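Please open the model in your viewer and keep the selection panel at hand. The tour goes from one selection to the next, and each stop says what to pick and what is found there.

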Amino acid sequence: MYEEYFGFTEKPFNLAPDPDYLFPSRQHKNAFSSLDFGLIDDSGLILFTGEIGTGKNTIIRYMLRKMSDEFNVAVVFNTNVTSDQLLASILEEFGLSPDNASKAGAIKALSSYLIDARSKGKRPLLIIDEGQSLSLDALEEVRLLSNLQDGKKTLLQIMLVGQPELKAKLHTPAMASMTQRIAVNYHLKPFNREETGQYIAHRLETAGGQPDLFSVGAVNMIHQMTGGIPRAINILCHAALVYGFADEIPIIGTQV
């Protein structure tokens with residue numbers, strides 16, 4: 001639509017998480033470093049939270065792209081399930097089929113897989129997205145899985161990803177024993193005004209456009225209206241480019 005007019009090779013503000021567009025803000029770098037440390041250190045349980053649209057999935061996708069092939073990764077997205085359904089989803093993501101349909105059979109199949117993978121130098125990693133939707137029973141199931149060990153070595157690394165409600169659930173008395181097992185805990189915050197401007201310029205330039213296409217006043221307005229949430233910034237910037245193209249405006253200002 002407006003790509004040719006503004007000189008883009010593609011739309012710069014797509015909503016889909018794209019690691020090619022990861023903006024290396026200070027806190028995004030810190031988030032990646034924290035998660036990377038947890039993986040390298042073989043930490044059993046990693047917690048990664050942030051408001052809706054702050055870029056958690058983009059960081060996760062970037063991390064997966066950079067991850068060495070020693071990791072066997074399973075990613076679970078559907079978390080509005082029972083504890084048994086969650087366990088079944090985990091086995092499915094690891095490509096496992098237990099000999100029988102009982103929970104004991106599922107745990108046995110998973111434990112055997114984890115022990116075998118570790119013996120071959122592989123490191124099983126379970127990423128559970130949308131963790132705020134997990135019931136307390138499902139979270140308890142996750143805690144039990146984090147307890148799976150071979151001697152003193154944790155068999156399964158688990159990364160819980162979710163919105164702030166996940167932290168609230170974990171801070172309930174019933175989850176105290178699980179909270180104590182969290183080795184890495186990082187919360188991603190929205191951008192400040194300076195970061196918002198840098199983020200917009202970064203995405204514009206990554207798409208082949210001019211980094212100063214948005215005026216200072218426009219960036220100020222975008223930050224005020226979005227609160228520094230990347231997804232909201234993308235929505236507003238995309239709309240501004242559509243209207244800018246329609247009105248044949250060379251610079252996006254506050255009147256678009």
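What follows is a walk through the chain as a whole, then three helix pairs, and finally two loop residues.

**The whole chain**

Begin with everything displayed, bearing in mind that this is a predicted model. The chain holds 11 helices and 7 strands, and its C-alpha trace extends over about 65 × 35 × 30 Å along the principal axes. If you colour by accessibility, the buried residues amount to 46% of the 256 residues in the chain. Of the contacts between residues at least 6 apart in sequence, 76% join residues at least 24 apart.

**Helix 10 by itself**

Select residues 216-226, which form helix 10, and look down the axis. Which residues of helix 10 are buried? They are A218, V219, I222, H223 and T226, and in this end-on view they fall within an arc of 135°, so they line one face of the helix. An α-helix has 3.6 residues a turn, so residues three or four places apart point the same way. Turn the view to the face directed away from that buried side, and you will find the exposed residues V216, Q224 and M225 there. To see what covers the buried residues of helix 10, add its surroundings to the display, including helix 9 (193-206) and helix 11.

**Helix 10 against helix 11**

Now add residues 230-246, which are helix 11, to the selection. On the way there, stop just after helix 10 at G227, where phi is positive at about 65°. Two packed helices are described by the angle between their axes and the distance between the axes. For helix 10 and helix 11 the angle is about 130° and the axes are 9 Å apart; the two helices are therefore oblique to each other. Their crossing is right-handed.

Show side chains to see how the contact is made: I222, M225 and T226 come from helix 10, while A232, I233, L236 and C237 come from helix 11. By class, the residues of this contact divide into 6 nonpolar, 1 polar and no charged. T226 and I222 belong to the buried set of helix 10, whereas M225 is among the exposed residues on the face turned away from it.

Centre next on A232, which lies in helix 11. Is A232 buried, partly exposed or exposed? Its relative accessibility is 28%, and A232 therefore counts as partly exposed. Draw a C-alpha to C-alpha line from A232 to I222, and the separation is 8.9 Å in space, for two residues that are 10 residues apart in sequence.

**Helix 10 against helix 9**

Hide helix 11 and bring back helix 9, residues 193-206. Helix 9 and helix 10 pack at an angle of about 115°, and their axes lie 9 Å apart; this crossing, too, is right-handed. On the helix 9 side the contact is made by R193, T196, G197 and I200, and on the helix 10 side by V216, V219, N220, I222 and H223. The contact comprises 4 nonpolar, 4 polar and 1 charged residues. Keep I222 highlighted as you compare the two pairs, since I222 takes part in the contact with helix 9 and also in the contact with helix 11.

**Helix 4 against helix 6**

Move to another part of the sequence and select helix 4 (residues 83-93) together with helix 6 (136-146). The axes of helix 4 and helix 6 come within 8 Å and cross at roughly 45°, and these helices are therefore oblique to each other. Helix 4 passes helix 6 in a right-handed crossing. Pick S83, L86, L87 and I90 in helix 4, then D137, A138, E141, V142 and L145 in helix 6, to display the residues that make the contact. They divide into 6 nonpolar, 1 polar and 2 charged residues.

**Two residues with positive phi**

From helix 6, step back to the loop that links strand 3 (123-128) with it, and select E130. E130 has a positive phi of about 55° although it is not a glycine, and with a relative accessible area of 29% it is partly exposed.

Where does E248 lie? Select the segment after helix 11 to find it. E248 also has a positive phi, near 55°, in a residue other than glycine, and E248 is exposed, with a relative accessible area of 62%.

Terms used. Residues numbered from 1 in each chain as written. Predicted model: local features only at pLDDT ≥ 70, side-chain atom pairs only at ≥ 80, totals over all residues. Heavy atoms only, no water. Axes fitted to C-alpha atoms, helices over the stretch in contact; angles between N-to-C directions. Helix = DSSP H or I, 4+ residues; strand = E, 2+ residues; numbered from the N terminus. Parallel < 35°, antiparallel > 145°, perpendicular 65-115°, else oblique. Left-handed = near helix turned anticlockwise from the far one by under 90°. Contact = heavy atoms within 4.5 Å. Nonpolar A, V, L, I, M, F, W, Y, C, P; charged D, E, K, R; others polar. Buried < 20%, exposed > 50% of the residue type's maximum accessible area, 1.4 Å probe, protein only. Arc of directions from axis to C-beta.
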